[in-house]
Amino acid sequence: MDGGALTDTSLTDSYFSTSFIGVNGFGSPVETKYPLMQRMTNSSSSPSLLNDSAKPYSGHDPLTSPASSLFNDFGALNISQRRKTPNPTASEFIPKGGSSSRLSNVSQSNMSAFSQVFSHPSMGSPATAGLAPGMSLSAGSSPLHSPKITPHTSPAPRRRSHTPNPASYMVPSSASTSVNNPVSQTPSSGQVIQKETVGGTTYFYTDTTPAPLTGMVFPNYHIYPPTAPHVAYMQPKANAPSFFMADELRQELINRHLITMAQIDQADMPAVPTEVDSYHSLFPLEPLPPPNRIQKSSNFGYITSCYKAVNSKDDLPYCLRRIHGFRLVNTKCMVLVDMWKKIQHSNIVTLREVFTTKAFAEPSLVFAYDFHAGGETMMSRHFNDPNADAYFTKRKWGQHDGPLPRQHAGLLPESLIWAYIVQLSSALRTIHTAGLACRVMDPTKILITGKTRLRVNCVGVFDVLTFDNSQNNNPLALMAQYQQADLISLGKVVLALACNSLAGIQRENLQKAMELVTVNYSSDLKNLILYLLTDQNRMRSVNDIMPMIGARFYTQLDAAQMRNDVIEEDLAKEVQNGRLFRLLAKLGTINERPEFQKDPTWSETGDRYLLKLFRDHLFHQVTEAGAPWIDLSHIISCLNKLDAGVPEKISLISRDEKSVLVVTYSDLKRCFENTFQELIAAANGQL
């Protein structure tokens, strides 16, 4: 199309494919320099300091041309991301085909070309991983390759992680693309048989990507759509930010990051060792017990302490629960520890390992768990009010009871209690199914993250501390009894939540507590508590309470999915920020550079001068009255057009207003990439 008009069809197809995909555009060889105002005839990209950019606009190349650089670029990037491989931009991953394309047998129609450009890893179709009936990946292979072994560079493995083509959601599955070459298409199936040669081996695969409907138009470059209606109508705040994530979620994430990265001053806390086994950077998560402490933990019977630490093997943070002064005399209990390691559940803090150490100047047993930053115990969240026990403890003999506490006026809402019941019962169900017992169903050992997310903590500690040597032959002999005790503990936790007081679960207050539950809550909650706390003539199971939960399970599932929708919508607002930041970072390395290669005017001449004027066009415009004109949408729109390299023209005016340069965004993109490539080449040469 050199010198010809740019048709709407080629503009739409290539425009979208080269800009909306917009990732991993760097890494191909440097193109030769062209005159400033000449439109690019080949895609040009440069090694990136931050490796993220939109592909340049290349609508002037025929999409069906074997020499199309668009095919070369996206074909070279078509590598599965689920397998650890070397840098996909390295030369050994790009077949040396000369002027022939890696996709040598593609459709000659615009529809097929449109479908083919979606072979990018982020936009391809998973259906392309399949083979036509009777076809083999080794068909036509050279004698150097075994016909029974699929090389790691074959087309099929590199297309396993593709996301669906957006056109596939609007086109029936029976749609197919016509092919002019009769050899490349099976007449009976109507599907395109693609042919690809990699390293001397020819592969055949079926291209089942449906063709888009006629008249389909996609955005020309990255844009920010409005909030999805199913999320917009559930937001309680009408003035919520529309371009960035909610302040509440942002603050929660920042707090988690701060806690995760917190460290201590070793000089102020010499009692904390610098390294324990393979863990370092210990940070206490709770006040350390004094050295002469005699009082032991009410749960475990030993003095305990808790730390955040980083494992030197994987550089991930973990939570270390230390049992002071414990000597492990029987390693048979490690059978139970191995069983706990296999349990992965969303409401259980996973146990990773158990080891002994003398790094604390005394024998200690350490349990390593997953670290959940910002978590607080149920005790501190709901039972830290000293006045909450007044209904049970501050009544004198003969004095009439005061008014009963009510929901939303001292008591927790029933919906929150059922949300906790669903999560705790789900955790118990998984633990009991694995043949283990929780044994730590206690408000001090239940973590709450966010608003209502529960996780049972310190699992497996009792199994090690109370392991009986007489159980060497069968360490699971008493698990059935422990599981029954778990159900009683669950009932006590639910009753305490319903009363909003730990005093309500004491034996002398049980009657008053149940009266409080009867008045304020539903009969289902009352029956569940009675079932868990009342002795039964048979062995009970956590599955028995499922009918009592009933349809409330669906309510909690719906609430969790709605919360997921809100978080995904907030994530969508930030999805382009990394790409735009990388673009601004690269521009910042070019603009106003004092000196480069002993040339103090380098940033003020040639391509760099255009980028300087573009920077002024972005940030330094003024109104007719001379006031600064600040518009975030203008900045984002111009950056997106630059990143995509669109053919739209732009007027750049010098600061003295004596020069006006009319260029296209594609020209600016070429200047930007070539200039940044010069900096990268110089930086690599200095290493």
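Buried residues account for 45% of the 687 residues in the chain of this predicted model. The fold is built from 19 helices and 15 strands. Contacts often link parts of the chain that are separated in sequence: of those between residues at least 6 apart in sequence, 69% join residues at least 24 apart.

One example of such a link can be followed from helix α5. Arg 256 belongs to this helix, which covers residues 247-260. In sequence, Arg 256 and Ala 373 are 117 residues apart, yet their C-alpha atoms are 5.0 Å apart in space. Once neighbours within four places in sequence are set aside, the contacts of Arg 256 are Ala 373 and Gly 450. Arg 256 counts as partly exposed because its relative accessibility is 29%, a value between the limits of 20% and 50%.

On the other side of this contact, Ala 373 sits in the loop that runs between β8 (364-370) and β9 (376-377). With a relative accessible area of 12%, Ala 373 is buried, since buried means under 20%. Besides Arg 256, Ala 373 touches Ile 259 and Thr 260, again leaving aside neighbours within four places in sequence. Ala 373 also appears in an unreviewed UniProt entry, which places the feature "binding site" at a set of residues including Asp 370, Ala 373, Thr 377 and Thr 444.

Two of the residues in that UniProt feature, Thr 377 and Thr 444, are in contact with each other in the model. Thr 444 is found in the loop between α9 (414-433) and β12 (446-449). Asn 299 and Met 379 are also in contact with Thr 444, when residues within four places in sequence are left out. The side chain of Thr 444 makes a polar contact of 2.5 Å with the side chain of Asp 442. Thr 444 has a relative accessible area of 25% and is therefore partly exposed.

A further threonine, Thr 350, lies in the loop between α6 (334-341) and β7 (351-357). At 4% relative accessibility, Thr 350 counts as buried. Residues that touch Thr 350, not counting those up to four places away in sequence, are Lys 341, Ile 343, Gln 344, Ala 368, Tyr 369 and Asp 370. Among these, Asp 370 is another position of the UniProt "binding site" feature.

The strands can be described next. Strands of a sheet pair through backbone hydrogen bonds, either parallel or antiparallel. Strand β6 (residues 317-324) has seven of its eight residues buried, so the rest of the structure largely encloses β6. Strand β5 (residues 304-311) is joined to β6 by seven bridges, and the two run antiparallel. Within this pair, Lys 308 stands opposite Cys 319 in β6. The two strands make a hairpin with five residues between them, and Asp 315 in the turn has a positive phi of about 60 degrees. Strand β6 is also joined to β8 by seven bridges, in an antiparallel arrangement. Here the bridge partner of Arg 322 is Val 366 in β8.

Another group of three strands forms an open sheet in the order β9-β12-β13, with antiparallel pairing. Strands β9 and β13 (453-456) stand at the edges with a single partner strand each, so one side of each has no neighbour in the sheet. Four bridges connect β12 and β13 in the antiparallel sense. One of the partners is Val 456 in β13, which bridges to Ile 446. Helix α9 packs on this sheet and touches β12 and β13, its direction making about 30 degrees with that of β13.

Helices can also show a sided pattern of burial. An α-helix has 3.6 residues a turn, so residues three or four places apart point the same way. In helix α12 (residues 510-520), the buried residues include Ala 513, Met 514, Leu 516, Val 517 and Asn 520. These residues are on the same side of α12 because the arc they cover around the axis is only 155 degrees.

Finally, the unreviewed UniProt entry lists residues 551-589 as a "coiled-coil region". In the model this span is 90% helix and 0% strand, and its end C-alpha atoms lie 59 Å apart.

Methods: Residues numbered from 1 in each chain as written. Predicted model: local features only at pLDDT ≥ 70, side-chain atom pairs only at ≥ 80, totals over all residues. Heavy atoms only, no water. Buried < 20%, exposed > 50% of the residue type's maximum accessible area, 1.4 Å probe, protein only. Contact = heavy atoms within 4.5 Å. UniProt positions renumbered as here; feature names shortened; annotations may be inferred. Polar contact = N/O pair within 3.5 Å; in protein donor to acceptor, adjacent residues only side chain to side chain. Arc of directions from axis to C-beta. Pairing = 2+ DSSP bridges. Axes fitted to C-alpha atoms, helices over the stretch in contact; angles between N-to-C directions.
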